[in-house]
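Work through these short exercises on charged side chains. Keep the sequence and the 3D view at hand.

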Amino acid sequence: AAENICKSDFKMRLAGSATGTLYGRGAYLAESITKADEYSKVEDSFYTVLLCRVLGGRVRYCDERSPDPDQLTKDCTEGEYDCILGDRIKTSGTYREFILFDTENVYPEYIVKYTRGELFKSKSHP
């Protein structure tokens, strides 16, 4: 999947089809590799994540436990905001997520392939 994204861009029509859409149907990015690792799957004996450059622009901050994804999407696609910062640290003690709806603002710079070691396993993924 990572190589396909690098070759032909993110497919927003597929957004949320595998993991949900708490903040709307967009590209979800994290500032923590541990959060990204939670969504990584094994391919050819390695886990894979993309390290991306992101142009955030004007940020719509959201610290609601159960946000309205349609309104958040509208705030970004029709309103004055460019992305959403979902503050899951504040609401559930996990990670912050950044959600973008314009693929032109996300540049996958590196494909990172790795194996999980005993000391580095995410607590949420044994």
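Buried means under 20% relative accessible area, exposed means over 50%, and partly exposed lies in between. The model is predicted.

**Exercise 1.** Find the salt bridge of Arg96 and classify both partners by accessibility.

Solution.
- Step 1: Arg96 pairs with Glu31, at 2.7 Å from N to O.
- Step 2: Place the partners. Arg96 sits in strand β6 (residues 96–100), while Glu31 sits in the loop between β1 (27–30) and α2 (33–39). They are 65 residues apart, so the pair links distant parts of the chain.
- Step 3: Arg96 has 26% relative accessibility, so Arg96 is partly exposed.
- Step 4: Glu31 has a relative accessible area of 48%, so Glu31 is partly exposed as well.

**Exercise 2.** Which parts does the salt bridge of Arg116 and Asp37 tie together, and is Asp37 buried or exposed?

Solution.
- Step 1: The side chains of Arg116 and Asp37 meet at 2.9 Å, N to O.
- Step 2: Arg116 lies in the segment after β7 (106–114), and Asp37 lies in helix α2. The pair therefore ties together parts 79 residues apart in sequence.
- Step 3: Asp37 has a relative accessible area of 7%, so Asp37 is buried.

**Exercise 3.** Locate the partners Arg58 and Glu80, then classify Arg58.

Solution.
- Step 1: The closest N and O atoms of this salt bridge between Arg58 and Glu80 are 3.2 Å apart.
- Step 2: Arg58 is in the loop between β3 (46–54) and β4 (59–62). Glu80 is in the loop between α3 (69–77) and β5 (83–87). The tied parts are 22 residues apart in sequence.
- Step 3: At 46% relative accessible area, Arg58 is partly exposed.

Methods
Residues numbered from 1 in each chain as written. Predicted model: local features only at pLDDT ≥ 70, side-chain atom pairs only at ≥ 80, totals over all residues. Heavy atoms only, no water. Salt bridge = Lys/Arg side-chain N within 4 Å of Asp/Glu carboxyl O. Helix = DSSP H or I, 4+ residues; strand = E, 2+ residues; numbered from the N terminus. Buried < 20%, exposed > 50% of the residue type's maximum accessible area, 1.4 Å probe, protein only.
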